[in-house]
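Let us walk through this fold together, moving from its sheets and helices to a few single residues. Please keep the model open beside the text as you read.

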Amino acid sequence: MLSPEDLARELEQFLPRQRWFGAKDFVIERVVPHKLEVMQSDWPALVHSQMDVLLAGGQRDRYQVPVGLRPEGDPALATIDRDSVIALFSTEAGAAYGYDAAEDPELAIALFMHIRPEADPPSRVEPIQGEQSNTSLIYDGRFILKIFRRLSEDPNLDLEVTEALGRIGFRHIAAPLAVWRDGEVDLAMLQPFLSGVDGWALAMTSLNDLYGRGGDPSQSGGDFAPEAQLLGMTIAELHGALAEAFGTW
């Protein structure tokens with residue numbers, strides 16, 4: 001459906017524009033196709049790509065880009081952010097625009113169902129804004145899918161630690177519900193989404209209270225003592241859980 005060489009050539013311009021691309025200070029010498037898999041052939045089409053990025057100085061990184069394809073003139077293309085569009089491609093079914101599939105709600109749901117096929121299809125999906133190294137999508141306010149962009153033959157540390165803590169019943173993390181792997185390569189994980197108070201906003205409010213009252217902590221409405229005590233207890237529990245999961249460091 002999509003030529004791996006054509007996609008690799010266009011990704012040389014596309015990747016540096018993405019916030020999750022981790023080599024912005026390097027010049028891309030070449031993008032080489034590693035693996036291309038058609039996940040959905042009907043419109044909108046979905047193609048999963050893994051690409052080796054050769055950088056100036058000899059560094060070589062592997063990235064994954066799930067590619068959505070819609071035919072030229074499809075009204076849904078108007079909702080895709082311009083920086084997420086890769087290029088106009090020639091396909092066996094005609095000209096089609098390729099773009100980051102994570103930006104397309106219909107294809108984001110297709111990714112969810114690929115990873116957890118036994119689940120009921122979600123009806124709503126929204127991205128988490130501002131993430132740098134990964135892409136996270138929230139489904140129906142209940143699930144969060146974290147797509148790892150930069151891939152490694154080694155286990156993904158985020159996933160490895162979360163899985164290990166989940167296995168021993170550590171209660172302060174959302175254990176993965178499903179994991180997407182290609183052989184030994186971790187591609188994504190799906191977890192329950194724990195919504196609640198924005199911790200950063202809460203901390204800033206307490207600091208504003210503190211400095212608004214002249215900087216005397218005893219006069220501040222932002223007393224962090226209970227939170228600090230709870231944090232210390234949680235960290236102590238975490239250290240014990242990590243030691244149980246991975247052994248003494």
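Two strands are said to pair here if DSSP finds at least two bridges between them. The elements themselves, helices (H or I, at least four residues) and strands (E, at least two), are DSSP runs numbered from the N terminus. What you are looking at is a predicted model, in which local features need pLDDT of at least 70 and side-chain atom pairs count only at pLDDT 80 or more, while totals for chains, interfaces and linings use all residues. Residues are numbered from 1 along each chain as its sequence is written, and side-chain values use heavy atoms, with hydrogens and water left out.

With that in hand, start at S7 and strand S8 (residues 143–148), which pair in the antiparallel sense over six bridges. Within this pairing, serine 136 faces lysine 146 of S8. Both strands belong to an open sheet of five, ordered S6-S7-S8-S11-S10, with antiparallel pairing. Its edges are strand S6 (125–127) and strand S10 (178–182), each of which pairs on one side only. On average, neighbouring strands of this sheet are turned by 20 degrees against each other, direction ignored. Here axes are lines fitted to C-alpha atoms (for helices, over the stretch in contact), and angles run from 0 to 180 degrees between N-to-C directions.

Now look for the helix that crosses this sheet. Helix H2 (residues 105–115) lies across S6, S7, S8, S10 and strand S11 (185–192), and runs at about 90 degrees to S10. H2 also matters for the next feature, the largest nonpolar core. Such a core is a set of buried Ala, Val, Leu, Ile, Met, Phe, Trp, Tyr and Cys residues joined through side-chain atoms within 4.5 Å, and buried means under 20% relative accessible area, exposed over 50%, and partly exposed in between (1.4 Å probe, protein chains only). Of the 27 residues in the largest core, Leu137, Tyr139, Leu145 and Ile147 touch the most other members. The elements giving two or more residues to this core are H2, S7, S8, S10 and S11. H2 supplies the largest share, seven residues.

Leucine 145 is a good place to look around. Contact means heavy atoms within 4.5 Å, and beyond its neighbours within four places in sequence, leucine 145 is in contact with residues including Leu111, Ile115, Leu137, Tyr139 and Met189. There is also a second, separate core of 24 residues, with Leu2, Ala23, Ile28 and Val31 among them.

Which residues of strand S7 (residues 134–139) are worth a closer look? One of them is threonine 135. Threonine 135 counts as buried because its relative accessible area is 6%. Its side chain makes a polar contact with the side chain of arginine 149 (2.9 Å); a polar contact is a pair of N or O atoms within 3.5 Å, and within protein one must be able to donate a hydrogen and the other to accept it, with residues adjacent in sequence counting only if both atoms are side-chain atoms. Leaving aside neighbours within four places in sequence, threonine 135 is also in contact with Trp20, Ala102, Leu145, Lys146 and Ile147, among others.

Next, turn to helix H1 (residues 4–14), where Leu7, Ala8, Leu11 and Phe14 are buried. Seen down the axis of H1, these buried residues fall within an arc of 115 degrees, so they line one face of the helix; the arc is that of the directions from the helix axis to the C-beta atoms. What covers them includes strands S1 (28–40), S2 (45–55), S3 (60–71), S4 (85–91) and S5 (94–100).

S1 and S2 form a hairpin with four residues between them, and they pair in the antiparallel sense over 10 bridges. Lysine 35 stands opposite glutamine 50 in S2. The loop between S1 and S2 holds proline 44, which is joined to tryptophan 43 by a cis peptide bond with omega of about -10 degrees. Another loop, between S7 and S8, holds aspartate 140. Aspartate 140 has a positive phi of about 55 degrees although it is not a glycine. Both features invite a second look because most residues other than glycine have a negative phi, and most peptide bonds are trans.

To step back, the protein chain has five helices and 11 strands, and buried residues make up 39% of its 249 residues.
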